[in-house]
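Could you walk me through the inside of this structure? I am new to it and would like to know how its helices pack and what surrounds the empty space within.

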Amino acid sequence: QTASIEGMCGGGPACRPGEISLAHNGVLFLDEASEFRTSVLQMLRVPLESGRIALSRAGRTSVYPADFQLLIASNPCPCGNYGSENKVCLCSSRSIEQYWKHFSGPLLDRVDLRIHVDVPKTEESFSTFELRRKIARAIRIQRQRQGKKNSRLSPEELVSLCRLSEKTALILQEATQKYGFSPRAVSSCIKVARTIADLENMEKISEESVCEAVEYRKKSGWLDFDSV
C-alpha cells in the first residue's frame, strides 16, 4: 500500500517498468486497495483501456506493455462490517462515503464485476475442477469465434458477435435507466453476459445471462441500489 506512482507505473533515472508492466499478461492484485494513494489508483485508468503505458523522462519516451487483469480487494467500510449478516457496522454513512471516495467514479467504471464477499457458510462448497473445465471451454469457444477474449472486443465486434434478442436488449435498457449505466458499463454488461453464456456453452446470450451480468455490475462501491 506504500507503492508510489513510479513503483506502480514505472520511471526513475533508468525509466524502468513498474508493477503494471511486470503483471503484463497476468493479474495485478491490489489487496486493501483503499489504503493505496488516490493518485496511484487513478493512474491505472489509462493502462486498463490501452493495455500499455508510455513514460516520458529526460526528453525520451518509453512504451511498456501493461495488458493485465486488475483485481481489487477492499473492506466495505472502515470497520469492515458493512453489509455483513453476522456483524454490526459501527461506521456512520458519512465515514463510509469518505472511505469510498478513494476510488473515483472513472476507475470504478472500469471494474466489470463488483462482488460482496461475506463469511462463507460451512455448507457452501464448489468444485475447482469443474470451474477450471468450464473456463477452459469458454476460452476455447472465444478463440474459435473471434480469436481473442471477450474483454478485448471492439465496439464494432460487440455488435456483430454479441447480438441481443429484443427481450434481452429491453432488460439491459431498463437496467441502464435504473442504475445510470454509462456507455462503458453497457458494453461491459454485454461482454460479461457473453462470457456467462460461453461458460454455460450457450450459443446465444440468454435473458438469465444479462440479468446476472447486471447483478455483478449494479453495485457502486458500498452502495447497493436495491437497498435505496
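Here is a short tour, beginning with the cavity and moving on to the helices beside it.

## The cavity

Please keep in mind that this is a predicted model. Rolling a probe the size of a water molecule over the atoms shows where empty space is left. In this structure, one cavity of 30 Å³ or more turns up. The volume of the largest cavity is about 30 Å³.

Which residues line the largest cavity? They are Leu-164, Leu-172, Cys-189, Ile-190, Ala-193, Val-210 and Ala-213. Sorted by class, this lining has seven nonpolar residues, with no polar and no charged ones.

## Helices around the cavity

Two helices each supply at least two residues of the lining of the largest cavity: H10, spanning 183-199, and H11, spanning 207-217. Of the elements involved, H10 gives the most, with three residues.

## How H10 meets H11

Let us look at how this pair is arranged. The axes of H10 and H11 come within 8 Å and cross at roughly 130°. Angles over 145 degrees would count as roughly antiparallel and 65 to 115 as roughly perpendicular, so H10 and H11 are oblique to each other. Their crossing is right-handed.

On the H10 side, the contact is made by Ala-185, Ser-188, Cys-189, Val-192, Ala-193, Ile-196 and Ala-197. H11 brings Ser-209, Val-210, Glu-212, Ala-213, Val-214, Tyr-216 and Arg-217. By class, the contact of H10 with H11 has ten nonpolar, two polar and two charged residues. Some names may look familiar: Cys-189, Ala-193, Val-210 and Ala-213 take part in this contact and also line the largest cavity.

## How H9 meets H11

H11 has another partner, helix H9, made of residues 166-179. At what angle do H9 and H11 pack? The angle is about 15°, and the axes are 9 Å apart. Angles under 35 degrees count as roughly parallel, which makes H9 roughly parallel to H11. The crossing of H9 and H11 is right-handed.

From H9, the contact draws on Lys-167, Thr-168, Ile-171, Leu-172, Ala-175 and Tyr-179. From H11 come Glu-207, Val-210, Cys-211 and Val-214. The classes here are seven nonpolar, one polar and two charged residues.

## Putting it together

Val-210 of H11 is a handy residue to find in the view: it touches H10, it touches H9, and it lines the largest cavity. Leu-172 of H9 is worth finding too, as part of the contact with H11 and of the cavity lining.

Methods: Residues numbered from 1 in each chain as written. Predicted model: local features only at pLDDT ≥ 70, side-chain atom pairs only at ≥ 80, totals over all residues. Heavy atoms only, no water. 1 Å grid on protein atoms, 1.4 Å probe; cavity = no way out; pocket = protein on both sides within 12 Å on 5 of 7 lines; lining within 4 Å. Points joined across faces, edges and corners; volume = space filled by probe spheres on them. Helix = DSSP H or I, 4+ residues; strand = E, 2+ residues; numbered from the N terminus. Nonpolar A, V, L, I, M, F, W, Y, C, P; charged D, E, K, R; others polar. Axes fitted to C-alpha atoms, helices over the stretch in contact; angles between N-to-C directions. Left-handed = near helix turned anticlockwise from the far one by under 90°. Contact = heavy atoms within 4.5 Å.
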